[in-house]
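Trainee: Could you take me through one helix of this model up close? I'd like to hear what it packs against and how it sits beside its neighbour.

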Amino acid sequence: MSYAPEVVGPGTADGSRAADEPLRVFAVFHLNLMFSSIEETRRPEVLERCYAPLFALASDLGLPLGFEASGLTLELLRELDPALLGRLRKLTTSGPCEFLGSGYAQLIGPLVPPSVNAANLRLGQDRVEALLGRRPGLGFVNEQAWSGGMVELYRDAGFDAVMMEWNNPARLRPDWDASWRFHPKRAVGPTGATLPVLWNDSVAFQKLQRLAHGDLEEDALVDWAAGFAAPGRC
């Protein structure tokens, strides 16, 4: 995976930002009822204790959160709580939230043939459109596992860009400029096909987990994030 040097993002027409703009923080929540640690009998509990409060938070406060779920998870949500699925649909079609696609199942892309990946992404897009009313333009890479061939697969499935973890790829590429993590880049596949990449941070989500479990104070998380603040950074 390589990247073009240009940086283009929200802001002015050419992607630049006001010099005094602080760090902009975006949050995307991964919804997965097929997670191996969740017993089938506890799925309703997950909906009650996790999904419902999260959707209410976004709705009550007008938070522009991102939500990502496999097509299978959406089917299970329809089966277990159709009203909750309706709330997700309203949040991601009428606002203020956005839905990210990831395929029908949570599979590890680089470990299966391209034809399986293509089918998984196509079926996932079909289910999201059927259940939420639109096909996502932004894809959340399954299991955050990447290979160069994924560029054409996501592009052919109708995605305009993908979201991928920064930390592990960057650790294996010491030649990368550390400032790239704060800006969109462009992945290049083996055939020369390209696709914009938005980065997420695995340390950030681990810290949020620790906060949720009472192992980290809120101020510590905020101070950690604020330490990255600089003009134009996301």
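**Helix α2 and its surroundings**

Mentor: Helices α1 and α2 are roughly perpendicular to each other (65 to 115 degrees counts as that), because their axes cross at roughly 95° and come within 11 Å. Axes here are lines fitted to C-alpha atoms, for helices over the stretch in contact, with angles from 0 to 180 degrees between N-to-C directions. On the α1 side the contact (heavy atoms within 4.5 Å) is made by Arg43, Leu47 and Tyr51, and α2 brings Thr73, Leu76, Leu77 and Leu80. Those residues divide into 5 nonpolar, 1 polar and 1 charged, with Leu and Tyr counting as nonpolar, Arg as charged and Thr among the others, as polar.

Keep in mind that this is a predicted model, where local features need pLDDT of at least 70, side-chain atom pairs count only at pLDDT 80 or more, and totals for chains, interfaces and linings use all residues. Residues are numbered from 1 along each chain as its sequence is written, and side-chain values use heavy atoms, leaving out hydrogens and water.

Now α2 itself: this helix (a DSSP run of H or I, at least four residues, numbered from the N terminus) covers residues 71–80, and Gly71, Thr73, Leu74, Glu75, Leu76 and Leu77 are buried in it. Buried means under 20% relative accessible area, with a 1.4 Å probe and protein chains only. Those buried residues pack against α1 (43–61), α3 (82–93) and α4 (114–132), and also against β1 (28–31), β2 (66–69) and β3 (98–100); strands are DSSP runs of E, at least two residues.

How values were computed: Buried < 20%, exposed > 50% of the residue type's maximum accessible area, 1.4 Å probe, protein only. Parallel < 35°, antiparallel > 145°, perpendicular 65-115°, else oblique.
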